[in-house]
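Reader: I am in my first year and still learning to read structures like this one. Could you take me slowly through a single part of it, and explain how one residue there sits among its surroundings?

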Amino acid sequence: MGYTIGLIRGDGIGPEIVTEAKKVLDAAAEKYGHEFRYVEMLLGGASIDATGVPLTDETITEAKKCDAVLMGSIGGDAAVSPWYKLEPSKRPEAGLLGIRKALGLFANLRPAYLYKELNAACPLKEEIIGDGFDLVVVRELTGGLYFGARRTEVLNGKETATDTLVYNEDEIRRIAHQAFQIARKRRNKVTSVDKANVLDSSRLWRKVTAEVAKEYPEVTLENMLVDNCAMQLVRDPAQFDVILTENMFGDILSDEASMITGSIGMLSSASLNETSFGLYEPSHGSAPDIAGQGKANPIATILSAAMMLRYSLNLNTEADAVEEAVQKALTAGYRTPDIWSEGMKKVSTSEMGDKIAELL
């Protein structure tokens with residue numbers, strides 16, 4: 001089978017980790033008899049440097065022609081990068097928000113799974129870790145504070161900033177359906193996270209989610225306030241299966257969930273629209289401080305490629321094989337610096353990619 005995959009290498013460590021994910025994809029294509037055609041596109045800081053803007057119409061057009069897009073990390077060091085001297089709408093992250101909107105990527109899936117080989121890297125106590133945890137955060141991606149009207153103005157002699165949090169029932173309903181459908185394939189539990197004791201948007205969120213839940217009688221729904229959820233993630237992460245939440249809460253909680261796995265360098269991410277198309281990227285940032293040094297962990301991007309195989313290309317066997325190869329590499333003791341411990345085999349970014357491709 002032939003597939004067209006968009007590649008956005010991104011900024012910082014992005015080009016390095018995308019290279020390793022492509023290496024693993026090519027190994028999967030060779031093993032299973034597929035043809036992957038890659039189309040290179042620009043986004044973020046790399047696009048600013050080349051075109052003056054973080055997202056071009058050309059990138060949007062090319063992305064829409066692809067079966068899926070695999071992306072590295074976007075952005076740089078805000079303290080030193082000239083990109084952050086530009087107005088907010090011209091900065092790297094504006095390109096990321098823009099492409100999500102342009103492609104209708106409303107559902108962000110961020111799994112958080114603790115490999116037993118990395119128990120020692122988990123910051124939680126052993127009695128809390130127990131037999132490990134396996135959860136996924138389903139985050140609404142195109143609404144809420146990040147996309148609401150905003151302004152900064154002088155009111156009564158004081159500079160005042162306003163950000164607007166807006167959700168309508170259709171936006172909530174479609175992301176809720178996504179969460180319940182994923183839960184049906186996992187352990188049949190959805191925890192809907194909101195701030196319904198304060199926010200009108202959260203009260204609507206809770207109401208619509210309850211309506212959707214009636215269509216999935218086999219799935220248990222619980223509601224949890226966001227501050228309690230943040231606490232419960234470090235008190236007992238194994239209680240969670242699917243966490244459903246709005247944009248900003250999901251941004252924060254998914255980062256917290258990723259860190260209790262031992263390293264944010266291990267966590268994949270998928271952003272899906274209402275078709276099979278998705279944009280796949282690691283959960284971590286661009287880490288410009290280690291760019292080009294061979295220290296970056298490519299596993300998050302490789303696992304993102306596995307998600308792409310599963311969700312957009314419907315290649316479940318191939319996705320399983322990539323995930324199993326990652327597991328085998330960890331079991332054999334191979335570690336990049338972020339997850340290395342005494343007695344393990346420290347390897348570079350490219351060496352980790354080589355080993356996973358070989359084990360595939």
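Author: In this predicted model, Thr59 has a relative accessibility of 3%, and because the cut-off for a buried residue is under 20%, Thr59 counts as buried. Thr59 belongs to helix H3, which covers residues 57–64, and its side chain reaches the backbone oxygen of Leu42 at a distance of 2.8 Å. If we set aside the neighbours within four places in sequence, the residues in contact with Thr59 are Met41, Leu42 and Ile99, so that Leu42 appears both in this list and as the partner of the side chain just described.

From this one residue we can widen the view to the helix around it. Within H3, Thr59 is buried together with Ile60 and Ala63. When one looks down the axis of H3, the buried residues fall within an arc of 100°, and therefore they line one face of the helix. Asp57 and Glu58, by contrast, lie on the other side of H3, where they are exposed.

It remains to ask what the buried residues of H3 pack against. Their partners are two strands and a helix, namely strand S2 (35–41), strand S3 (68–71) and helix H4 (92–102). The contacts of Thr59 with Met41 and Ile99 can be placed in this picture, since the range given for S2 ends at 41 and the range given for H4 runs from 92 to 102.

Methods: Residues are numbered from 1 along each chain as its sequence is written. This is a predicted model: local features need pLDDT of at least 70, side-chain atom pairs count only at pLDDT 80 or more; totals for chains, interfaces and linings use all residues. Side-chain values use heavy atoms; hydrogens and water are left out. Buried means under 20% relative accessible area, exposed over 50%, partly exposed in between (1.4 Å probe, protein chains only). Helices (H or I, at least four residues) and strands (E, at least two) are DSSP runs, numbered from the N terminus. The arc is that of the directions from the helix axis to the C-beta atoms. Contact means heavy atoms within 4.5 Å. A polar contact is a pair of N or O atoms within 3.5 Å; within protein, one must be able to donate a hydrogen and the other to accept it, and residues adjacent in sequence count only if both atoms are side-chain atoms.
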